[in-house]
Amino acid sequence: MSVEVLDGATIVNFVEDEEAFSLSIRDRFAHLDTNHDGLLSYAEMLKEFRSLRVFETHYGIDVKPDPEEIAYVYDSLFVQFDHDSNGAVDLEEFKAETKRMMLAMANGMGFLPVQMLLEEDSFLKKAVEKEYSSTKV
């Protein structure tokens, strides 16, 4: 993990760079597709959702979340990705939903820079790295 400074433009620029964004999406999709069938099952996506530990910590302190609430949120997230409701997420669905979520995040952040703690292999970290590499002379 590292602390980085970013704003909405950092995210938008990354998402709009078709080559960089698509490469990151393909890499993450391949990592999640543990059975290599070209689709992400609920179980494969659930593993990723759980690894985020969004509900298990509160300001860095572990908490005991309501299992039913977490299941509902994870189910809802999967439905957001599974655009055709076939019970699996293909690469294009994964890319489209990730793009939509990242642009919504960028819109919410606006133009004011914020400092965030980012996972090394996260899309946001890749956006910051792309911005940094494009500003180097």
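**A colleague's note on the fold and its salt bridges**

1. Let's start with one residue: Glu18 is partly exposed, at a relative accessible area of 44%. Here, buried stands for under 20% relative accessible area, exposed for over 50%, and partly exposed for what lies in between (1.4 Å probe, protein chains only). Please keep in mind that this is a predicted model, in which local features need pLDDT of at least 70 and side-chain atom pairs count only at pLDDT 80 or more, while totals for chains, interfaces and linings use all residues. Residues are numbered from 1 along each chain as its sequence is written, and side-chain values use heavy atoms, leaving out hydrogens and water.

2. Glu18 has a partner: a salt bridge joins this residue to Lys95, with 2.3 Å between the closest N and O atoms. (A salt bridge is a side-chain nitrogen of Lys or Arg within 4 Å of a carboxyl oxygen of Asp or Glu.) Because Glu18 sits in helix H2 and Lys95 in helix H5, the pair ties together parts 77 residues apart in sequence. Lys95 counts as buried, at 16% relative accessibility.

3. Next door in sequence, the side chain of Asp17 meets that of Lys130 in a salt bridge of 3.5 Å, N to O. This pair also links distant parts of the chain, with Asp17 in the loop between H1 and H2 and Lys130 in helix H6, 113 residues apart. Asp17 is partly exposed at 26%, and Lys130 is partly exposed at 22%.

4. The whole structure holds seven salt bridges. Three residues, Glu4, Glu120 and Lys125, are connected in a network of them. Within it, the closest N and O atoms of Glu120 and Lys125 are 3.9 Å apart; Glu120 is partly exposed at 43%, whereas Lys125 is buried at 7%.

5. For the overall layout, the protein chain has six helices and four strands, in the order β-α-α-α-β-β-α-α-β-α from the N terminus. Both are DSSP runs numbered from the N terminus: helices are H or I with at least four residues, strands E with at least two. Buried residues are 34% of the 137 in the chain.

6. Now look inside. The largest nonpolar core (buried Ala, Val, Leu, Ile, Met, Phe, Trp, Tyr and Cys residues joined through side-chain atoms within 4.5 Å) has 26 residues, and Leu6, Ile11, Leu40, Met45, Phe94 and Met102 touch the most other members. Helices H1, H2, H3, H4, H5 and H6 each supply at least two of its residues. Leaving aside residues up to four places away in sequence, Phe94 touches Ile25, Leu40, Met45 and Phe123, among others; contact means heavy atoms within 4.5 Å.
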